[in-house]
Amino acid sequence: MFEKLKYIIKKQDFSPGVLGFFINPFYFARKALADNIKKLSPEIRGRVLDVGCGNKPYQGMFMYTEYIGLEIESDENRKKKVADFFYDGKRFPFKDSEFDSVIINQVLEHVFNPDEFLDEIRRVLKPNGKLLLTVPFVWDEHEQPYDYARYSSFGLKFLLEKHNFKILHQIKSLNNFRFFFQLLNAYFFKKVNLHSKYLNFIVISILTSIINLSGICLSIFFPSNNDLYLDNIVVAQKQSSKEELLT
């Protein structure tokens, strides 16, 4: 019974529903992210590589012929038995132009060598292949100490175009008043630390419910703000470089 309850709660992590509204302190962030990824999912097809795949939370949203998860080499990642391949943090274990699409979900901020990283993404993508990238803009330091960067929409555009990607879609996720309530929930999630994990869960769930309800009600009265938002979501297409056109 307890294991079944844990499974139900876990399912609310990345695509939260009604239950997630009451128990997931990241409800606003995760729901907005999932909704926008689903909206852009038709762009991703064929042989798909999920870089930094974690538990592959969004795999079910895409139509694909093959879905391959890649993770950084570590004992923890191997124990999870989710990723299909592992790499050393520098070079992907694939040949050139192997994939029709690449997904990078909330990973780029943990990459200290973004130029080398994007070169590898470009290398394994087929000509005109698509990249779906999500990355935080405003968020607390997480997965410490491996949190290295934040990207504005302009910085992300510059970085991708520098590596010969053409941006097809760019979404600023959670750009409304709920943004503030999401940050408030994230604050309490880190700061409420009771001795009993069950009591901790109950207290966090109560706070989450109150804050989420307040966020929904108050956001009705305030406009969106494209200068202040939680996440960048981009679909970009690999373009041929001058060198490639000459060969």
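Buried means under 20% relative accessible area, exposed means over 50%, and partly exposed lies in between. Keep these cut-offs at hand. The model is predicted.

**Exercise 1. Two cysteines**

Task: Classify Cys217 and Cys53 as buried, partly exposed or exposed, then state how many disulfides there are.

Solution:
- Step 1. Take Cys217. Its relative accessibility is 38%, so Cys217 counts as partly exposed.
- Step 2. Take Cys53. Its relative accessible area is 4%, so Cys53 is buried.
- Step 3. Count the disulfides. A disulfide needs two cysteine sulfur atoms within 2.5 Å. The count is zero.

**Exercise 2. The length and sides of helix α7**

Task: Check the span of helix α7, then find which of its residues are buried and where they sit around the axis.

Solution:
- Step 1. Helix α7 covers residues 178-191, which makes 14 residues.
- Step 2. The expected span is 1.5 Å times one less than the number of residues. For α7 this gives 20 Å.
- Step 3. Compare with the model. The end C-alpha atoms of α7 are 20 Å apart, which agrees.
- Step 4. List the buried residues of α7: Phe179, Phe181, Gln182, Asn185 and Ala186.
- Step 5. Place them around the axis. They cover an arc of only 165°, so they are on the same side of α7.
- Step 6. Recall the general rule. An α-helix has 3.6 residues a turn, so residues three or four places apart point the same way.
- Step 7. Find the packing partners. The buried residues of α7 pack against α3 (27-40) and α8 (197-219).

**Exercise 3. One residue of α7**

Task: Describe the surroundings of Gln182, a residue of helix α7.

Solution:
- Step 1. Check its exposure. Gln182 has 0% relative accessibility, so Gln182 counts as buried.
- Step 2. Set aside neighbours within four places in sequence. Gln182 is then in contact with Pro25, Phe26, Tyr27, Phe28, Ala29, Trp139, Leu174 and Leu230.

**Exercise 4. The nonpolar cores**

Task: Which residues have the most contacts inside the largest nonpolar core, and which elements each supply at least two of its residues?

Solution:
- Step 1. The largest nonpolar core has 29 residues. Leu49, Phe92, Phe117, Ile121 and Leu160 have the most contacts inside it.
- Step 2. Name the elements. Strands β1 (47-51), β2 (66-72), β4 (99-105), β5 (125-136), β6 (165-173) and β7 (231-238) each supply at least two residues of this core. Helices α5 (114-124) and α6 (153-162) each do so as well.
- Step 3. Look at Phe92. Leave out residues up to four places away in sequence. Phe92 touches Leu49, Val51, Leu70, Tyr87, Phe117, Glu120, Ile121, Arg123 and Val124.
- Step 4. Look for another core. Apart from the largest core lies one of 14 residues, including Ala34, Ile44, Phe62 and Tyr67.

**Exercise 5. Salt bridges across the sequence**

Task: The structure holds 14 salt bridges. Trace three of them, namely Arg47 with Glu98, Asp84 with Lys56, and Arg123 with Asp96.

Solution:
- Step 1. The side chains of Arg47 and Glu98 meet at 2.8 Å, N to O. Arg47 lies in strand β1 and Glu98 in the loop between β3 (85-87) and β4, so the pair ties together parts that are 51 residues apart in sequence.
- Step 2. In the bridge of Asp84 with Lys56, the closest N and O atoms are 2.8 Å apart. Asp84 is in the loop between α4 (75-80) and β3, and Lys56 is in the loop between β1 and β2. These distant parts of the chain are 28 residues apart.
- Step 3. Compare exposure in that pair. Asp84 has a relative accessible area of 40%, so Asp84 is partly exposed. Lys56 has 13%, so Lys56 is buried.
- Step 4. Arg123 and Asp96 meet at 2.9 Å, N to O. Arg123 lies in helix α5 and Asp96 in the loop between β3 and β4, so the pair ties together parts that are 27 residues apart in sequence.
- Step 5. Widen the view. Salt bridges with shared partners join Arg91, Asp96, Glu120 and Arg123 into one network. Arg123 has a relative accessible area of 14%, so Arg123 is buried.

**Exercise 6. Backbone angles**

Task: Where does a cis peptide bond occur, and what is phi of Ser97 and of Asn128?

Solution:
- Step 1. The cis bond joins Gln144 and Pro145, with omega about 5°. Pro145 is in the loop between β5 and α6.
- Step 2. Phi of Ser97 is near 55°, a positive value in a residue other than glycine. Ser97 lies in the loop between β3 and β4.
- Step 3. Phi of Asn128 is near 70°, again positive in a residue other than glycine. Asn128 lies in strand β5.

Methods. Residues are numbered from 1 along each chain as its sequence is written. This is a predicted model: local features need pLDDT of at least 70, side-chain atom pairs count only at pLDDT 80 or more; totals for chains, interfaces and linings use all residues. Side-chain values use heavy atoms; hydrogens and water are left out. Helices (H or I, at least four residues) and strands (E, at least two) are DSSP runs, numbered from the N terminus. Buried means under 20% relative accessible area, exposed over 50%, partly exposed in between (1.4 Å probe, protein chains only). The arc is that of the directions from the helix axis to the C-beta atoms. Contact means heavy atoms within 4.5 Å. A nonpolar core is a set of buried Ala, Val, Leu, Ile, Met, Phe, Trp, Tyr and Cys residues joined through side-chain atoms within 4.5 Å. A salt bridge is a side-chain nitrogen of Lys or Arg within 4 Å of a carboxyl oxygen of Asp or Glu.
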